[in-house]
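Me: I would like to learn how to read the packing of helices, the pairing of strands and the backbone angles in a model like this one. Could you take me through it feature by feature?

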Amino acid sequence: MSVSLVLTVIGDDRPGLVEQLATAISEHQGNWLESSMSNLSGKFAGIVCVSIANEQVAALEAALAALPGLRVRSEIALAATSPAGRRLKLSLVGHDRIGIVREVSQILARHAINVEDLSTHTASAPMSAGVLFHASAELTASATLDVRQLTGDLEQLSDELMVDITLDEAIRC
């Protein structure tokens, strides 16, 4: 019987880290399913989901623990369920300031919206010395979500933070 194993990986970034990880997984008959990896302030940070035979989990975990320069944590995932209800996409752009993610996520939590994917970055603002904060999120919500109330709450926050927030219904194939 196989299980889904979710790995979180962090270490000083350098060439060959993904290859080391992939080699350890394949040497233990693991199947790399999905991942997200980034260089964040000189650190390699990644999340990987692999399918692996239950009897190979301990050996893979030992091999991953022995990889030089990487810290790997693993968790056996519960059976995945496909999200029911609405899929939404949120985009935000505005001058960077402390608390933007906290304030947006508070509104999403109040509306029982799940954040499935969140990507953020900062960049220099064109024609000014400022820094812009960019966020993009894929969200799921129940079919009974009051989109009008959510939109109103986000518009109010947009005005308070002086950021542009766009919320669209997403189509998932």
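Reply: Let us begin with the handedness of a helix crossing: a crossing is right-handed if the near helix is turned clockwise from the far one by less than a right angle, and left-handed if it is turned anticlockwise. The model here is predicted, and in it H3 passes H4 in a right-handed crossing.

Me: At what angle do helix H3 and helix H4 pack, and how far apart are their axes?

Reply: Helix H3, residues 100-110, and helix H4, residues 147-161, pack at an angle of about 165 degrees, and their axes are 10 Å apart. Angles over 145 degrees count as roughly antiparallel, which means that H3 is roughly antiparallel to H4.

Me: Which residues make the contact between H3 and H4?

Reply: On the side of H3 the contact is made by Ile-100, Glu-103, Val-104, Ile-107, Leu-108 and Arg-110, and on the side of H4 by Leu-150, Asp-153, Leu-154, Leu-157 and Leu-161. Sorted by character, the residues of this contact comprise eight nonpolar, three charged and no polar ones.

Me: How should I read a sheet, and what is the strand order of the one that contains E6?

Reply: A sheet is read from the order of its strands, the sense of their pairing and the strands at its edges. This one is an open sheet of four strands in the order E6-E7-E5-E8, with antiparallel pairing, and its edge strands are E6 and strand E8 (163-169), each of which pairs on one side only. Neighbouring strands in this sheet are turned against each other by 10 degrees on average, direction ignored. Within the sheet, strand E5 (residues 86-95) pairs with E8 in the antiparallel sense over seven bridges, and Val-93 has Asp-164 in E8 as its bridge partner.

Me: Which strands of that sheet do H3 and H4 touch?

Reply: H3 packs on the sheet and touches E5, E6 and strand E7 (131-141), its direction making about 155 degrees with that of E5. H4 also packs on the sheet, where it touches E5 and E8, and its direction makes about 160 degrees with that of E8.

Me: Is His-111 buried or exposed?

Reply: The cut-off for a buried residue is a relative accessible area under 20%, and His-111, at 15% relative accessibility, therefore counts as buried. His-111 lies in the loop between H3 and strand E6 (114-124), and, with its neighbours within four places in sequence left aside, it is in contact with Leu-145, Gln-149, Leu-150 and Asp-153. Two of these contacts, Leu-150 and Asp-153, also belong to the H4 side of the contact with H3.

Me: What should I look for in the sign of phi?

Reply: Most residues other than glycine have a negative phi, so a positive value deserves a second look. Ala-112, in the loop between H3 and E6, has a positive phi near 55 degrees, and Ala-112 is exposed, with a relative accessible area of 63%. Ser-41 takes a positive phi near 50 degrees in the hairpin of E2 and E3, which has two residues between the strands; Ser-41 too is exposed, with a relative accessible area of 80%.

Me: How many bridges join E2 to E3, and in what strand order is their sheet built?

Reply: E2 and E3 run antiparallel and are joined by nine bridges, with Asn-31 standing opposite Ser-51 in E3. Their sheet is open and has four strands in the order E2-E3-E1-E4, paired in the antiparallel sense. E2 and strand E4 (70-76) stand at the edges with a single partner strand each, so one side of each is left without a neighbour in the sheet. Neighbouring strands of this sheet are turned by 15 degrees against each other on average, direction ignored. Strand E1 (residues 2-12) runs antiparallel to E3 and is joined to it by eleven bridges, and the bridge partner of Ser-2 is Ala-53 in E3.

Me: Which helices pack on this second sheet?

Reply: Helix H1 (residues 17-27) touches E1, E2, E3 and E4, and its direction makes about 160 degrees with that of E2. Helix H2 (residues 57-65) touches E1, E3 and E4, and its direction makes about 5 degrees with that of E1.

Terms used. Residues numbered from 1 in each chain as written. Predicted model: local features only at pLDDT ≥ 70, side-chain atom pairs only at ≥ 80, totals over all residues. Heavy atoms only, no water. Axes fitted to C-alpha atoms, helices over the stretch in contact; angles between N-to-C directions. Parallel < 35°, antiparallel > 145°, perpendicular 65-115°, else oblique. Contact = heavy atoms within 4.5 Å. Nonpolar A, V, L, I, M, F, W, Y, C, P; charged D, E, K, R; others polar. Buried < 20%, exposed > 50% of the residue type's maximum accessible area, 1.4 Å probe, protein only. Pairing = 2+ DSSP bridges.
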